[in-house]
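I opened this notebook page to look up how the interior is packed and how two of the helices meet.

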Amino acid sequence: MVENDNFLENSGDKKKIDQLLADLNAPSVSTRHEAVRAIASRGESAIEPLIRELEGAKDNDRRWYAAMAISGIGAAAVAPLLSHMKVQKDTEFRRYAAAALGTIGIPAIEPIIEAMASDDRQMLCWRSNRAT
């Protein structure tokens, strides 16, 4: 019975997160800000949907709001963001993921340094491109 309850809870959470993600396109800025706060309050369950939003957003405003929601989740979002940055080549995705990491702050510093010190060519290229 607990497994079914968890499934229903997770299913309901996914539905709510999807509704909140749609609100990132709302005409009202206050609605977008409320959506950012509400998505961030969902915690770890919102990380992957937000990363998918960063990857697939049609415009940078939507990416910005998704990045701010991810940063509101905090330290739990650092490793998943860095993992996606290693494989995602899109410059806009990386720019907004980096903004989220910067807003997360201190919990992101060591993992970022470790990622930049890797032999991963894509991350090294991104680092050198950002330095110019």
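The entries below go from the core to one aromatic pair and then to the helices that carry it.

Entry one, the core. I am working from a predicted model, and I began with its largest nonpolar core, which has 33 residues. Those with the most contacts inside this core are Leu24, Ile39, Leu50, Leu54, Ile70, Leu81 and Leu101. The elements giving two or more residues to it are H1, H2, H3, H4, H5, H6 and H7, and the largest share, seven residues, comes from H4.

Entry two, Leu54. I left aside its neighbours within four places in sequence and found Leu54 in contact with Arg63, Ala66, Ala67, Ile70, Leu81, Phe93, Tyr96 and Ala97.

Entry three, the aromatic rings. I found one aromatic pair in the structure: Trp64 and Tyr96 sit edge-to-face, 6.4 Å centre to centre, with 75° between the planes. Trp64 lies in helix H4 and Tyr96 in helix H6, so the pair ties together parts that are 32 residues apart in sequence. I also looked up the accessibility of each partner: Trp64 is partly exposed, with a relative accessible area of 39%, whereas Tyr96 is buried, with a value of 14%.

Entry four, H4 against H6. The axes of these two helices come within 8 Å and cross at roughly 30°; angles under 35 degrees count as roughly parallel, and H4 and H6 are therefore roughly parallel to each other. H4 passes H6 in a right-handed crossing. I noted that the residues making the contact include Arg63, Trp64, Ala67 and Ile70 of H4 and Phe93, Tyr96, Ala99 and Ala100 of H6.

How values were computed:
Residues numbered from 1 in each chain as written. Predicted model: local features only at pLDDT ≥ 70, side-chain atom pairs only at ≥ 80, totals over all residues. Heavy atoms only, no water. Core = buried A, V, L, I, M, F, W, Y, C linked by side-chain atoms within 4.5 Å. Buried < 20%, exposed > 50% of the residue type's maximum accessible area, 1.4 Å probe, protein only. Contact = heavy atoms within 4.5 Å. Phe/Tyr/Trp six-rings, centres within 6.5 Å; stacked < 30°, edge-to-face > 60°. Axes fitted to C-alpha atoms, helices over the stretch in contact; angles between N-to-C directions. Parallel < 35°, antiparallel > 145°, perpendicular 65-115°, else oblique. Left-handed = near helix turned anticlockwise from the far one by under 90°.
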